[in-house]
Amino acid sequence: MTNQPEASRLAREAFEHWQAGRLLQAKDLYRAALSLADPAHYGLSSYHGEFACVLNELGEQEEAAKQLSHSLQVELAQGNAEGSPSVVIARYFLSEQMLRLGNSARALEVLLPSVTYAPTDWCTRAAQARALFANGQTLEAREAASLAVVHAPSPQKAEELKLN
């Protein structure tokens, strides 16, 4: 049974606990919020993403990956198209989580639709470069990194990317 007003209240409270460093309280509140959330609510993807951050801070990387996967699935289920900013962002965070878990092949798989549908997104290309490098594909990583630099939103960001 959904109760979106209560889910929103719980998620706000969870966020406050997270920001204050009370991770266990935040974890419990995010679980409660997600159990009540309307699947069509615009904030549901964010709930999953925030919960993943809490889980990562608690050292629960596998569970965090599941939450980031849910976040992506919510974006797609709510009709956001591949290449749209919200889907690109969800894919970015899930791919970064896969790298944290040492699964560069999965990180590349997660990013592929963004590379295809948003080929000039600098952030996607930077993530792709990291995943390719972790996967031992040095030349392809350089190519992706070059594209990240070319499509950077500012000269300052381009310089920052060159240093990484």
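Helix 3 passes helix 4 in a left-handed crossing. Keep in mind that this is a predicted model. The two helices, 3 and 4, pack at an angle of about 170°, and their axes are 8 Å apart. That makes helix 3 roughly antiparallel to helix 4, because angles over 145 degrees count that way.

Who touches whom? On the helix 3 side, the contact includes L44, H48, F51 and L55. On the helix 4 side, it includes A64, L68, S71 and V74. The residues of this contact of helix 3 with helix 4 split into seven nonpolar, eight polar and two charged.

Now turn to the other partner. Helix 2 covers residues 23–36, and helix 3 covers residues 44–57. Their axes come within 10 Å and cross at roughly 150°. Helix 2 and helix 3 are therefore roughly antiparallel to each other. Their crossing is left-handed. From helix 2, residues including Y30, R31 and L34 meet helix 3 residues, among them Y47, E50 and V54. The contact of helix 2 with helix 3 has nine nonpolar, one polar and four charged residues.

Next, the core. How many residues does the largest nonpolar core have? It has 35. W18, Y30, L44, Y47, V54 and L94 have the most contacts inside it. Helices 1 through 8 each supply at least two residues of this core.

Take L94. Leaving aside neighbours within four places in sequence, L94 is in contact with A65, L68, S69, L72 and V110.

One last item. Apart from the largest core lies another, of six residues. A126, A148, A152 and A158 are among them.

Note on methods:
Residues are numbered from 1 along each chain as its sequence is written. This is a predicted model: local features need pLDDT of at least 70, side-chain atom pairs count only at pLDDT 80 or more; totals for chains, interfaces and linings use all residues. Side-chain values use heavy atoms; hydrogens and water are left out. Axes are lines fitted to C-alpha atoms, for helices over the stretch in contact, and angles run from 0 to 180 degrees between N-to-C directions. Angles under 35 degrees count as roughly parallel, over 145 as roughly antiparallel, 65 to 115 as roughly perpendicular and the rest as oblique. A crossing is left-handed if the near helix is turned anticlockwise from the far one by less than a right angle, and right-handed if clockwise. Contact means heavy atoms within 4.5 Å. Ala, Val, Leu, Ile, Met, Phe, Trp, Tyr, Cys and Pro count as nonpolar, Asp, Glu, Lys and Arg as charged, and the others, Gly among them, as polar. A nonpolar core is a set of buried Ala, Val, Leu, Ile, Met, Phe, Trp, Tyr and Cys residues joined through side-chain atoms within 4.5 Å. Buried means under 20% relative accessible area, exposed over 50%, partly exposed in between (1.4 Å probe, protein chains only).
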